[in-house]
Amino acid sequence: MLDLKLLTTFREVAVRGSFSEAAAALDFTQPAVSQHISRLETALGTRVLERSARGVTLTPAGEVLVRHASALLESARRAEEAVRDAAGIGRAQVRVAAFNSAAAGLLPGATRELRKTRPDAELALQVMEDVPGIEALLAGRVDVALIVQSPLSPTAPRAGAEYLPICDDEMRVAVAADHPLATRASVTLEELRDEPWLITEVAGTCADSNVVLHAFRDAGYEPRVSFASEDYQALQGMAASGIGVALIPTLALVSSRSDVVVLPVRGRAPSRQVVAVARSGEENPLVDHMVEALRSAARALAGRPALAAVA
């Protein structure tokens, strides 16, 4: 009989391709991880992992085992939940990994929507960026991972993951409350050609900056960047100071500053794609309800008017 604890360790090593990274994720020591794998291989009577200077790879037997590991561990988790629910000591739970602005802007509304269809369920949220979120999903530590993709440069899909679109998150322009454009109903990027810009990153390697830099190229100019930060609250603060204007996703504007005016972009506004990632082939109605709750919350946010300064 397979030991689920050993199987959990094996799956973590298989997903990460590293004993040390698996140990960090599981909060084990590396010798403990090695011991778990050794005990698993002894129980099975065959090697499931090959170690080399280049890392860890699966043997043919390991390829078979990893395909069954997620299903076995998920079945065990559901069995535990069902027993606890029958005993009245637990509730159905969906575990979600979400990047910062989705956790703050999308998950509160999605939680309310989820309660409408599944009042018996509760949400367990972990704030993670895209790659750690997908790794946690494939390792079975979360049920849904929210990630950002650029439609102009989509990331390569991961085996075992299903990608479900949630919404297009439009960028809006944030300016200081006393900026000459603050009284406008909307603005075009072309009108902001001579403004100093506050952007998320200048290299264009993340999905957000990829969208922003493509938007400038489409507008026909390279931005004059006066400040760059991955923290959208910092970008709002700098916009409020008057040192420049910023392009900020709608989800990151749910908690808007009173000294900042947010303007919609006229025409085709730049936008990033928010995607929910689930394990492919897994039947979990609660995950389906969570995905629909996320889509409903996104529609509600998209219908809100632009945020303006408070007098």
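This passage describes the domain layout of a predicted model, the interface of domain 2 and domain 3, and selected residues.

The protein chain is divided into three parts: domain 1 covers 4–86, domain 2 covers 88–167 + 273–303, and domain 3 covers 169–271. Domain 2 is thus written as two segments, 88–167 and 273–303. At the start of the chain, UniProt places the feature "domain: HTH lysR-type" at residues 2–59, in an unreviewed entry. In the model, this span is 62% helix and 14% strand. Its end C-alpha atoms lie 18 Å apart.

The interface of domain 2 and domain 3 was examined next. The C-alpha centres of these two domains lie 27 Å apart. Contact involves 14 residues of domain 2 and ten residues of domain 3. About 950 Å² is buried between the two domains. Carbon and sulfur atoms give 72% of that area. On the side of domain 2, the most area is lost by Ser101, Leu152 and Leu301. Together these residues account for 37% of what that side buries.

Polar links across this interface were also searched. Zero salt bridges were found between domain 2 and domain 3. One residue pair is in polar contact, with both residues at pLDDT 80 or more. Three elements each supply at least two residues of the domain 2 side: helix H5 (100–105), strand S5 (144–149) and strand S11 (271–279). H5 gives the most, with three residues. By class, the domain 2 side has eight nonpolar and six polar residues. Charged residues are absent from that side.

Leu152 was then considered individually. This residue is among those of domain 2 that lose the most area to domain 3. Its place is in the loop between S5 and strand S6 (161–176). Neighbours within four places in sequence aside, Leu152 is in contact with Asn210 and His214. Leu152 and Glu283 are 131 residues apart in sequence. In space, their C-alpha atoms are 31 Å apart.

Salt bridges were finally counted over the whole structure. The search finds 15. One of them joins the side chains of Glu135 and Arg16, at 2.9 Å from N to O. This pair links distant parts of the chain, 119 residues apart. Glu135 is in helix H7 (residues 130–138), whereas Arg16 is in helix H1 (residues 4–16). By contrast, the interface of domain 2 and domain 3 has zero salt bridges.

Terms used
Residues are numbered from 1 along each chain as its sequence is written. This is a predicted model: local features need pLDDT of at least 70, side-chain atom pairs count only at pLDDT 80 or more; totals for chains, interfaces and linings use all residues. Side-chain values use heavy atoms; hydrogens and water are left out. Domain bounds come from an automatic or database domain assignment. Contact means heavy atoms within 4.5 Å. Buried area is the accessible area (1.4 Å probe) that two parts lose on being put together, summed over both. A salt bridge is a side-chain nitrogen of Lys or Arg within 4 Å of a carboxyl oxygen of Asp or Glu. A polar contact is a pair of N or O atoms within 3.5 Å; within protein, one must be able to donate a hydrogen and the other to accept it, and residues adjacent in sequence count only if both atoms are side-chain atoms. Helices (H or I, at least four residues) and strands (E, at least two) are DSSP runs, numbered from the N terminus. Ala, Val, Leu, Ile, Met, Phe, Trp, Tyr, Cys and Pro count as nonpolar, Asp, Glu, Lys and Arg as charged, and the others, Gly among them, as polar. UniProt positions are given in the numbering used here, feature names are shortened, and annotations may be inferred rather than shown by experiment.
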